[in-house]
Amino acid sequence: MNLFDVYPLFDVNIVKGEGCKVWDDKGQEYLDMYGGHAVISIGHSHPHYINKVSEQLQRIGFYSNSVVNGLQRELAERLGKVSGYEDYQLFLINSGAEANENALKLASFKKPDCTRVLSCEHAFHGRTSLAVEVTNNPKIRATLNDNHHVRFLPINDVEPWIRELSRGGICAAILEPIQGVGGVQMITPEFAQKLAYACKRYHVTLICDEIQCGYGRSGKFFAHQWLGIKPDIITVAKGIGNGFPMGAVLISPDFKAEYGQLGTTFGGNHLACSAALAVLDVMEQEQLVENAREVGEYLMERLNEVRRDSVATHGTKMTDIRGRGLMIGIELDGPQKAVRERLLYEQHVFTGCSGQNVLRLLPPLCFSKEQADIFIERLKKAL
């Protein structure tokens, strides 16, 4: 049997990781500026994480959600405190797409007569049924998913959103506080606050997708906390388990749970919860949210220095630097593909991309200023 060939692959086989570095099967070391799509939050192979997951696996790795799981309750309490959402409720699943699926279902349960959703232009919320329908990419949306529930509207222009809300029939509005796949585009506080107010006025559930931009990556626990809003539902995944598959939905107390309303086989299992608790331990002990903010600001400064210098030099130029914390987009004056490949194969740096012209940086939250300097020198050579 062959693999179903849906991923364009770099010819690199990564077999080991430590902190912000990874190694391939030939022993070549790479600086990891992408963290496997922002999944690696506390660094590769953190010893505390390894110990906690290993200890849990020696006790029990899985049992169903038909019995009490004290680790789930501990995680809910810890996550509520560290995020500032102690009064919210937690539902655990396995991935970001599942988190958004369940968030949208909850919004629909609350307004069963309303079948419309508002989403952002260039949004990415996942590849499963509802999640892909609110994703603004028709290439990955099958006919079966295209049920015409969704209207895509521009970010940072609130008037079209208010017009749609006033028409009625809308159960949810969903947005990424910082768009990831969409090019590291920033939602403004003014837009977010006006939209949140309009959603309250029209009794529409506001969902913040924090799957990529959340969990400390922006320099606050959630990126929407820079915007001065409090959404009704928050979805998280990626960094929550540092590589262990996990997702979660944080749900306002305005929503009342009913037996059977949501469900999952593997979500919130013992091993996943032990991974998530270990992540919170390290984030708090090593002050990784604060580190993301401080090192992210430093990296942005260094990148802007290179951008100003690149205007007078030959080669690829940087036209814009945007982002917050350790979620940064570098817009180039041409396709990013050649620069990204030079970074990987010649400078041994992993980066991501958004569209044709944007390099996307999502290093682990333990990324240091010294490593930022190393990256800058290698980026100069690649440009």
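Okay, one definition before we start: buried means under 20% relative accessible area, exposed means over 50%, and partly exposed is in between. Keep that in mind, and remember as well that this is a predicted model.

Let's use the definition right away on Asn242. This residue has a relative accessibility of 5%, so Asn242 counts as buried. You'll find Asn242 in the loop between S9 and strand S10, which covers 247–251. Now look at the backbone there. Phi of Asn242 is near 55°, and that's a positive value in a residue other than glycine. Here's the background: most residues other than glycine have a negative phi.

Which other residue has a positive phi although it is not a glycine? That's His122, at about 70°. His122 also sits in a loop, this one between strand S5 (116–120) and helix H5 (129–133). Is His122 buried or exposed? His122 counts as exposed, because its relative accessibility is 52% and the cut-off for exposed is over 50%.

Next up, cysteines. A disulfide is a covalent bond between the sulfur atoms of two cysteines. How many disulfides do we get here? The count comes to zero. Take Cys120: the nearest cysteine sulfur belongs to Cys208 and is 9.5 Å away, while a disulfide needs the two sulfurs within 2.5 Å, so Cys120 is in no disulfide. Cys353 isn't in one either; for Cys353 the nearest cysteine sulfur is that of Cys213, at 18 Å. As for their surroundings, Cys120 is buried, with a relative accessible area of 1%, and Cys353 is partly exposed at 22%.

Okay, salt bridges. The whole structure has 19 of them, and I'll walk you through a few. Start with Lys21 and Glu29, whose side chains meet at 3.8 Å, N to O. Lys21 has 32% relative accessibility, so Lys21 is partly exposed. Glu29 is partly exposed too, at 31%.

Then there's Asp281 with Arg78, where the closest N and O atoms are 2.8 Å apart. Why does this pair tie together parts that are 203 residues apart in sequence? Because Asp281 lies in helix H8, residues 270–285, and Arg78 lies in helix H3. Asp281 counts as buried, by the way, with 15% relative accessibility.

Another one to click on is Lys200 with Asp232, with the closest N and O atoms 3.1 Å apart. This pair also links distant parts of the chain: Lys200 is in helix H7 (residues 189–201), Asp232 is in the loop between S8 and S9, and they're 32 residues apart. Asp232 is buried, at 10% relative accessible area. And some salt bridges share partners: Arg302, Glu305, Asp373, Glu377 and Lys380 are joined into one network that way.

While we're between S8 and S9, have a look at Ala223. Ala223 is in the loop between strand S8 (205–209) and strand S9 (233–236). With a relative accessible area of 3%, Ala223 is buried. Now find Ile178. Ala223 and Ile178 are 45 residues apart in sequence, but their C-alphas are 7.1 Å apart in space.

Let's move on to empty space. The second largest pocket has a volume of about 760 Å³. Of the 24 residues that line this pocket, the closest to its centre are Gln72, Leu90, Phe91, Leu92 and Ala257. Two elements give two or more residues to the lining: helix H3 (70–83) and strand S4 (89–93). Which element gives the largest share? That's S4, with four residues. And H3 should sound familiar, as that's the helix where we met Arg78.

What about cavities? A search of the whole structure finds one of 30 Å³ or more, and about 50 Å³ of space lies in the largest cavity. Its lining residues include Ala38, Ser41, Ile211, Tyr215, Lys238 and Leu365.

Last stop, the surface. Phe4, Val6, Tyr7 and Leu9 make a nonpolar surface patch of about 580 Å². To find the patch, look for Val6 in the segment before strand S1 (14–18). Okay, that's my tour, thanks for listening!

Key:
Residues are numbered from 1 along each chain as its sequence is written. This is a predicted model: local features need pLDDT of at least 70, side-chain atom pairs count only at pLDDT 80 or more; totals for chains, interfaces and linings use all residues. Side-chain values use heavy atoms; hydrogens and water are left out. Patches are made of residues with over 30% relative accessible area and no salt bridge: like charges are joined within 9 Å, nonpolar side chains (Val, Leu, Ile, Met, Phe, Trp, Tyr) within 5 Å. Accessible areas come from the Shrake-Rupley method with a 1.4 Å probe; for residues, only the protein chains shown count as cover. A salt bridge is a side-chain nitrogen of Lys or Arg within 4 Å of a carboxyl oxygen of Asp or Glu. Buried means under 20% relative accessible area, exposed over 50%, partly exposed in between (1.4 Å probe, protein chains only). On a 1 Å grid over the protein atoms alone, a cavity is a set of points where a 1.4 Å probe fits but cannot get out, and a pocket is an open set with protein on both sides within 12 Å along at least five of seven lines; lining residues have an atom within 4 Å of a point. Grid points are joined across faces, edges and corners, and a volume is the space filled by probe spheres set on the points.
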